Amino acid sequence: MEVLYEQNFDAHEEYPPYWAALWPSSVALARAVTAAKPVGARVLELGCGLGLPSIAAALGGAHVLATDRSADALGFATYNAGLNGVSVEVGVC
């Protein structure tokens, strides 16, 4: 099996877009964030993908900055946050 990082992906995006999958680790992190009750905390998520942990933090009352290298991922994270009745700041990095 060829290692994906050795393939010649576009410099600005990954294909396949790894951010478009809801990873089990994202679900586990969202559960941990919810259990931590982050009211008033400042949260930075690196590589947010679809934004599930960021949304969990925002639902818990945190101020959230969700980041990803993909602008498409940030668009979906923003949309998903809105569907859940919260907002998160986003930034490409």
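**Exercise 1.** In this predicted model, find which residues Val86 touches, leaving out those up to four places away in sequence.

*Solution.* Start at Val86 and look for heavy atoms within 4.5 Å. Setting aside residues up to four places away in sequence, you should arrive at Ile55, Ala58, Leu59 and Ala81.

**Exercise 2.** Work out which residues make up the largest nonpolar core, and which element gives the most to it.

*Solution.* Begin with the members: this core has 11 residues, namely Ala30, Val33, Ile55, Ala56, Ala57, Ala58, Ala62, Val64, Ala81, Val86 and Val88. Next, sort them by element: α1 and α2 are the ones that give two or more residues. Finally, pick the top contributor, which is α2 with four residues.

**Exercise 3.** Decide whether helix α2 is largely enclosed or open, and explain why.

*Solution.* First, take the helix, residues 52-59, and apply the cut-off for buried, under 20% relative accessible area. Pro53, Ser54, Ile55, Ala56, Ala57 and Ala58 pass. That is six of the eight residues, so the rest of the structure largely encloses α2. Then look at the partners: the buried residues of α2 pack against α1 (24-36), β1 (42-46), β2 (63-68) and α3 (71-83). Just for orientation, Gly61 follows α2 and has a positive phi, near 95°.

**Exercise 4.** Describe the largest pocket by its volume and its lining.

*Solution.* Its volume is about 370 Å³. Of the 21 lining residues, Trp19, Gly47, Cys48, Gly49 and Asp68 are the closest to the centre. Both α1 and β1 give two or more residues to the lining, and α1 gives the most, with three. Sorted by character, the lining has 10 nonpolar, six polar and five charged residues.

How values were computed
Residues numbered from 1 in each chain as written. Predicted model: local features only at pLDDT ≥ 70, side-chain atom pairs only at ≥ 80, totals over all residues. Heavy atoms only, no water. Buried < 20%, exposed > 50% of the residue type's maximum accessible area, 1.4 Å probe, protein only. Core = buried A, V, L, I, M, F, W, Y, C linked by side-chain atoms within 4.5 Å. 1 Å grid on protein atoms, 1.4 Å probe; cavity = no way out; pocket = protein on both sides within 12 Å on 5 of 7 lines; lining within 4 Å. Points joined across faces, edges and corners; volume = space filled by probe spheres on them. Nonpolar A, V, L, I, M, F, W, Y, C, P; charged D, E, K, R; others polar.
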